[in-house]
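Please walk through this structure with me, from salt bridges to helix packing to surface.

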Amino acid sequence: MSQTRTTLEMGLREYARTPVLLALLVFLPAYVILFFTRVVPERTVPVDVPGAGMLAVGLKPTVAALMTPMVAALIGGIAGLFLMQSARDVDSRLVVVGAAPRAILFARFGLLGFATLLASAVAVAVMSLTYVPDQLAPFVAATVVSGLTYGALGVLAGLVLNRLAGVYLMMFGPFLDIFLAQSPLSEGAPAVAPYLPGHYTVEMAFDAAFTAGVDLATVAGGLVYLAVVAAVAWAAFSRTLRST
Amino acid sequence: MMSTAVRLRVGLSATLREFLREPLNVALLVVLPPVVITSYGSMMGAFPRLHSMDAAPGTLGALNGTLFVATFLPGVIGLFQVISARSADERLAVCGFQRPVMFTSRLLAVVAASVLTAAVSLAVLATRTDVADPAVGFTLLAFVGVLYGLVGMLVGAVLPRELEGSLVLIFLADVDELMSSGLFRTDSVLVELLPMHYPHELFQSAVGGETLATGTVVASLGYAAALFALALGVYTLVAGEGGVLG
């Protein structure tokens, strides 16, 4: 436990030592949500909300509800990718000198969780300046799950790809998945959409934003998806620590 | 003493060799355009034709995907060109290389990546829709690639590490792409400040066979010139010093 705490503290201290990074984790989500809620025109659009069918909803809240999980996914994905790129060598040395791999894993995933939570909190707070979701807590949960899912995918990308390929993946992935494939403005989702990481979290987010209830099956789907991806990332990272 | 031309050649060849040493990098430049353009086109094809769209959603999606990929692949390369080579560049400066020369050699590598990506992207786009003026289309795609390469180099010169630089570039790129996607139409002047605003209009005209608007061409060139001056100035001032915000 103390090894986990020490490693996590070291990671947090490294974050604190780079105020630019902390500032970006706060500024970038705020900038994106504010930018869109400012420039998108005031009009009503038909939106296919999973729990309620077609609803006439303002374009600003629609875009805000879509951008918030996407922002968390972008931050989580990139944080996961670089966490793995920068920590891999150091962590292998920690294992050599006697640190428990499990403690390192908890600490690294804890750090990823911190970055995702911070970005999610800022994104939802800024979104709430324009539109407060009907159910705030489930909306926050959807945003966090979106960030964590992409964070775990970023960890996997960091293990198998170089940083250039990883950044490409994290640049195009959440955009194509969340903004295009899962968009409730679309008349028909592509066949691959239900299998993509953003599927359940966007459904959760739209249910929470515009209806009084969230489908439990959707919530379960999102959590299972996250659990599976996180388990694979955990196993892959663990294997890397033991094999070097 | 080496002449400037020799230094440029040496710098460019070293940069290209470093890039080519990882075959995955080259594969990405060739594989990503078809994946992104096809995905973007088919996913946007499911959208209804909104009144903000100037073309059929599927066509607009393919066009957006083409610009997206042709722009941001060189952008990320520009970012890593500067960040990963910071200490090496500092040593080269100590050995007598002038920073503007190093900047130019790195920019030439970005130009090479932009040309390759533009060619592949345009070829993929041509399989999905008619491109009325391929020569102008290619030139514009290479142009936006260099434009975002400069953005990447500027971000890389200002920010100290790859994580921060990647975050900024990705957020800027995705916002820029979303605003020029045709899903939203806005009169906000904020949108005109985004790098892809004017080139997007020009590229759409080139694909549709329309005459390029002179004002938009001038605005694009002016934006690129200002960005070049800014990126060169910042790189010359701070490269090797840990970044402005470091």
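Is A:Glu9 buried or partly exposed? A:Glu9 is partly exposed, at a relative accessible area of 38%. Here buried means under 20% relative accessible area, exposed means over 50%, and partly exposed lies in between (1.4 Å probe, protein chains only).

This is a predicted model, in which local features need pLDDT of at least 70, side-chain atom pairs count only at pLDDT 80 or more, and totals for chains, interfaces and linings use all residues. Residues are numbered from 1 along each chain as its sequence is written, chains are lettered from A and ligands numbered from 1 in the order in which they are written, and side-chain values use heavy atoms, with hydrogens and water left out.

Start with the salt bridges. Over all chains, the structure holds 4 of them. A salt bridge is a side-chain nitrogen of Lys or Arg within 4 Å of a carboxyl oxygen of Asp or Glu. One of them joins A:Glu9 to A:Arg13, with 3.8 Å from N to O. Both residues sit in helix 1 (residues 2-17) of chain A. Because they are 4 residues apart there, about one helical turn separates them. Helices are DSSP runs (H or I, at least four residues), numbered from the N terminus. Like its partner A:Glu9, A:Arg13 is partly exposed, at 44% relative accessibility.

A second pair is A:Asp91 and A:Arg108, whose closest N and O atoms are 2.6 Å apart. A:Asp91 belongs to helix 3 (residues 59-96) of chain A and A:Arg108 to helix 4 (residues 101-130) of chain A, so this salt bridge ties together parts that are 17 residues apart in sequence. Both A:Asp91 and A:Arg108 are buried.

Another salt bridge links A:Arg163 and B:Glu162, at 2.2 Å from N to O. This pair crosses between chains. A:Arg163 lies in helix 6 (residues 163-181) of chain A, and B:Glu162 in helix 7 (residues 162-179) of chain B. A:Arg163 is partly exposed, with 27% relative accessibility.

Next, the helix packing. Two packed helices are described by the angle between their axes and the distance between the axes. Axes are lines fitted to C-alpha atoms, for helices over the stretch in contact, and angles run from 0 to 180 degrees between N-to-C directions. Angles under 35 degrees count as roughly parallel, over 145 as roughly antiparallel, 65 to 115 as roughly perpendicular, and the rest as oblique.

In chain A, helix 3 packs with helix 5 (residues 136-160) at about 30°, and their axes are 6 Å apart. Helix 3 and helix 5 of chain A are therefore roughly parallel. Their crossing is right-handed. A crossing is left-handed if the near helix is turned anticlockwise from the far one by less than a right angle, and right-handed if clockwise.

Helix 5 of chain A also holds A:Leu136. A:Leu136 is partly exposed, at 41% relative accessibility. Its C-alpha atom is 7.0 Å from that of A:Ala208, although their positions lie 72 residues apart along the chain. A:Ala205 is in helix 7 (residues 199-210) of chain A. A:Ala205 is buried, with a relative accessible area of 0%. The C-alpha atoms of A:Ala205 and A:Val160 are separated by 30 Å, and the two residues are 45 apart along the chain.

Turn to chain B. Helix 3 (residues 57-83) and helix 8 (residues 197-208) of chain B pack at about 125°, with axes 11 Å apart. That angle makes helix 3 of chain B oblique to helix 8 of chain B. The crossing of these two helices is right-handed. Helix 8 of chain B includes B:Tyr198. B:Tyr198 is buried, at 19% relative accessible area. From B:Tyr198 to B:Gly208 the C-alpha distance is 16 Å, over 10 residues in sequence.

Helix 2 (residues 23-44) of chain B meets helix 5 (residues 99-128) of chain B, with axes that come within 9 Å and cross at roughly 40°. Helix 2 and helix 5 of chain B are therefore oblique to each other. This crossing, too, is right-handed.

Finish at the surface. B:Val30, B:Val31, B:Val35 and B:Leu116 make a nonpolar patch of about 290 Å². Patches are made of residues with over 30% relative accessible area and no salt bridge: like charges are joined within 9 Å, nonpolar side chains (Val, Leu, Ile, Met, Phe, Trp, Tyr) within 5 Å. Accessible areas come from the Shrake-Rupley method with a 1.4 Å probe, and for residues only the protein chains shown count as cover. Helix 2 of chain B gives the most to this patch, with 3 residues. B:Val31 is found in helix 2 of chain B. B:Val31 is partly exposed, at 46% relative accessibility.
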